[in-house]
Amino acid sequence: MFFCVIIFKNMMKFSSQRGTRDILPVDMPYWHGLEAVCRRLFRLYNYHEIKTPIFESTELFARSIGESSDIVSKEMYTFKDKGDRSITLRPEATAPVVRAAMQNNLIENDKVTKLYYIGPMFRYERPQAGRYRQFYQAGVEVFGSKDPALDAEIILLSEQIMNRLGLKDLEVNLNSVGCSECRPEYLKNLKDFFTSNIKSMCEDCNNRLEVNTLRILDCKNKQCQEYINNASIIEDYLCENCRNQLEQVKVYLDKFSIKYKTVNRLVRGLDYYTGTTFEIVSGKLGAQNAVCGGGRYDNLVAEFGGKPTPAVGFAIGMDRVVEILKQNTEHGKQNTDHRRKMLYVVTLGDKGREKGIDLLFQIRKRGYEADIDYVGKSLKSQMKDADRQNVKYVLIVGEDEVKSGKAILKNLATSEQKEISFDDVLTLIL
Ligand code: HAM
């Protein structure tokens, strides 16, 4: 029995949890590239980075995203900590950033506060392509202005990020979900309409009728489409303020030559939105095609006990963007010189190795990425390893090279090679 336990223990293998993935070194260039573009453009628009904790009080999300939303009612990773506090792994970052901005007095009168974040979020969703339980977002939140130019600015910013990454086949969907003045009337109309048809609609719609009528518009079920298509649209119910806001956002988008589609049925899965909402969808993905989503949430700061402060933001789904970047590479759209600016020192014989290690340390000291074999590979295997690691340069140092004071430098991108003196190695590659 004891023996069996030992064998079983030795055989046990662990796997990542359902809906989570390891992001492996081979994919890191995509993630780093995406992150670099996001950071560069966030800075270009004067946003400042903030990092908030991975977990917050459950109440923070329940109060902001909405008790009846799918996220809060079904998808949160919630647990009690040892102090019996209800804790939730953040399913999104808007509510945490609002909390952090308020707590740290970053929101001031007559000042616009622009923040950005990059990091993991957690939702207990049914995993499928492009939908994970741990996923990554890069987003921005701006506090302190109702100016529709700001709504347009963030749409332009997200568009510019996608453009810079070379993403094509994207569509900006725009809508307004109204405000506390005009939305209740629309919701009442919607509820009356669906109530008279609900028996013919799916189970999800039946459940949503009472708790979150607006989300019925999001149903993809065929049997419900006919009713959804015949339901009234929010545009007919918008108050003057919401209508003007939306119109002015459109004027700016036209000015910036941003193509968009007004989608009256665009409802977002989070309850805090007021007025402008938008999503960017990609034609390169399957059912989970939204690569970015955002909008205004002018009431949230006040709901958290602060002074009424208008706010707007968005979040890019990084996992989905990386998926498209990988597709683009497979279709040969990648830069031809994709080799990493790095040098691999290949050595032969004891003297070659001694000199090789000496050169390696000097090269690194000068700030150039470099590495060497540490398992005693043959010359051929070292060359293979350098190629597999996708490095740009190989420096070959053998006994003969040590005698002559010259090494062989090979550029793996062009296959050119030349003899260079040890002193010239640094000047040539740097
Ligand atoms: P969201 O639409 O829930 O908005 O998420 C934004 C983006 O995150 C989505 O468009 C999608 O690309 C990605 N995403 C969401 N869930 C998953 C998932 N399970 N797996 C992979 N990717 C996912 C928000 O989170 C708001 N906080 C955005 C915002 C910021 N609104 C105002 N400010």
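This briefing covers a ligand site, two secondary-structure elements and several single residues in the structure above. The model is predicted. Its ligand is surrounded by 27 residues, and the protein covers 96% of the 660 Å² of accessible area that the ligand has on its own. Away from the ligand, the points below deal with strand β15 and its partners, helix α3, the buried residues N264 and I155, and two residues with positive phi, N46 and S257.

**The ligand and its shell**

- Of the 27 residues around the ligand, the closest are E92, E125, E141, Y273 and A290.
- E125 has a side-chain N or O atom 2.6 Å from a nitrogen atom of the ligand.
- For E141, the distance from a side-chain N or O atom to a nitrogen atom of the ligand is 2.8 Å.
- An N or O atom in the side chain of R123 lies 3.0 Å from an oxygen atom of the ligand.
- With the protein in place, 96% of the ligand's own 660 Å² of accessible area is covered.
- By residue type, the shell consists of 12 nonpolar, eight polar and seven charged residues.
- At least two shell residues come from each of the strands β6 (134-143), β10 (290-296) and β11 (311-317).
- The element that gives the most to the shell is β10, which supplies six residues.

**Strand β15 and its two partners**

- Strand β15 spans residues 406-411 and is mostly covered, with five of its six residues buried.
- One partner of β15 is strand β14 (residues 391-397); the two pair in the antiparallel sense over four bridges.
- In that pairing, V394 stands opposite K410 of β15.
- Another partner is strand β16 (residues 417-421), which runs antiparallel to β15 and is joined to it by five bridges.
- K410 also stands opposite Q417 in β16, so this residue of β15 has V394 as a counterpart in one pairing and Q417 in the other.
- β15 and β16 form a hairpin with five residues between them.
- In the turn of that hairpin, S415 has a positive phi of about 65°.

**Helix α3**

- Helix α3 covers residues 58-65 and is mostly covered, as six of its eight residues are buried.
- Those buried residues are T58, L60, F61, A62, S64 and I65.
- The cover over them includes the strands β2 (55-57), β3 (78-80) and β4 (86-89).
- Helices also contribute to this cover, among them α4 (70-74), α5 (94-103) and α11 (300-303).
- Just after α3 comes G66, with a positive phi of about 110°.

**Two buried residues**

- N264 is found in the loop between β8 (260-262) and β9 (276-282).
- The relative accessibility of N264 is 17%, and because the cut-off for buried is under 20%, N264 counts as buried.
- The side chains of N264 and E235 are joined by a polar contact of 3.1 Å.
- Leaving aside neighbours within four places in sequence, N264 is in contact with N175, I233, I234 and E235.
- I155 has its place in helix α6 (residues 148-164).
- With a relative accessible area of 0%, I155 is buried.
- Beyond its neighbours within four places in sequence, I155 is in contact with V172, L174, V249, L253, I258 and F278.
- I155 and E279 are 124 residues apart along the chain, yet their C-alpha atoms are separated by 9.0 Å.

**Two loop residues with positive phi**

- N46 is a residue other than glycine with a positive phi, near 70°.
- The loop that holds N46 runs between α2 (28-44) and β1 (48-49).
- N46 counts as partly exposed, since its relative accessibility is 44% and that class lies between 20% and 50%.
- S257, also a residue other than glycine, has a positive phi near 60°.
- S257 is found in the loop between α10 (240-255) and β8.
- At 63% relative accessibility, S257 counts as exposed, because exposed means over 50%.

Definitions and conventions: Residues numbered from 1 in each chain as written. Predicted model: local features only at pLDDT ≥ 70, side-chain atom pairs only at ≥ 80, totals over all residues. Heavy atoms only, no water. Near = heavy atom within 4 Å. Polar contact = N/O pair within 3.5 Å; in protein donor to acceptor, adjacent residues only side chain to side chain. Areas by Shrake-Rupley, 256 points an atom, 1.4 Å probe, with all protein chains shown as cover. Nonpolar A, V, L, I, M, F, W, Y, C, P; charged D, E, K, R; others polar. Buried < 20%, exposed > 50% of the residue type's maximum accessible area, 1.4 Å probe, protein only. Pairing = 2+ DSSP bridges. Contact = heavy atoms within 4.5 Å.
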